[in-house]
Amino acid sequence: MSQNKEWVYSEKIKDHFIHPRNILEDEASYKYDGKGIVGNIKCGDQMMMVIKVDKEKNIITDCKWKTYGCASAIASTSLLSEIVIGMSLDKAYHISPKDIAEELGGLPEHKIHCSVLGDKALRSAIDDYYMKNGMRDKIQKEKSRIVCQCMNVTDHDIENAVLEGARTFLELQEHTKLGTVCGQCKDEAEKLLKNYVEKHFNK
Ligand code: FES
């Protein structure tokens, strides 16, 4: 076990990890309206989420999931699956990893990215529902933009690096290799780094 005394799992996280809610038990017989799969099983984490939707009200009436993720991913997604039932698609679409972490009573910064899996899978399931129901205009594609041309690093990569723990430019370089050739991207990357740290960690 870790000797790190700076962080202890909240009771809520322990509860959701030990008794995860809304696990998808029987995939073959579950009739869903939207399905999302994110992550890569080869990297050790993958998440599937399925939703049922009240098509008149555009409200999520059920949400099930399964994952090969860590304890934080399991607890985060269990909680997420509870809070989205009864929620409008629009509102559920905009739940952030930070919202989930706050509901759980806090996650250590280096674990916030674990809660990203659940919220990405949820958006993917909602997108799937929109696709199948003639609502493509509601899909908000993740628009990424290249910040470091030399190393092909996007703003989205920078945001992910922040969620994985990067806080300084050096740490950002360790995660992405950004700025290691001509260096022209440094100023913009530093601005984005600051913005994403503020956005996700209020710093
Ligand atoms: S643009 Fe980033 S190193 Fe050249």
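Let's start with three tyrosines, Y93, Y129 and Y130, which ring pairs link into a cluster. Keep in mind, everyone, that we are looking at a predicted model.

How many aromatic pairs does the structure hold? There are two. Take Y93 and Y130 to begin with: their ring centres are 6.0 Å apart, and the planes make an angle of 40 degrees, so the pair is classed as tilted. Now, where do these two residues sit in the chain? Y93 belongs to helix α3, residues 89–93, while Y130 belongs to helix α5, residues 112–132. With their positions 37 residues apart, this pair links distant parts of the chain.

The other pair is Y129 with Y130. Here the centres are 6.3 Å apart and the planes are 55 degrees apart, which again makes a tilted pair.

Next, are these tyrosines buried or exposed? Y93 has a relative accessibility of 4%, and anything under 20% counts as buried, so Y93 is buried. Y130 comes out at 2%, so Y130 is buried as well. Y129 is buried too.

Let's leave the cluster and turn to lysines that sit over rings. Have a look at K52 in the structure: its charged end is placed over the ring of Y30, 4.7 Å from the ring centre. And which ring does K186 lie over? That would be F169, where K186 is over the face at 5.2 Å from the ring centre.

If you take one picture home, let it be Y93, Y129 and Y130, joined into a cluster by their ring pairs. Thanks for listening!

Key. Residues are numbered from 1 along each chain as its sequence is written. This is a predicted model: local features need pLDDT of at least 70, side-chain atom pairs count only at pLDDT 80 or more; totals for chains, interfaces and linings use all residues. Side-chain values use heavy atoms; hydrogens and water are left out. Rings of Phe, Tyr and Trp (its six-membered ring) pair if their centres lie within 6.5 Å; planes under 30 degrees apart count as stacked, over 60 as edge-to-face and the rest as tilted. Helices (H or I, at least four residues) and strands (E, at least two) are DSSP runs, numbered from the N terminus. Buried means under 20% relative accessible area, exposed over 50%, partly exposed in between (1.4 Å probe, protein chains only). A charge sits over a ring if NZ of Lys or CZ of Arg is within 6 Å of the ring centre and within 35 degrees of the ring normal.
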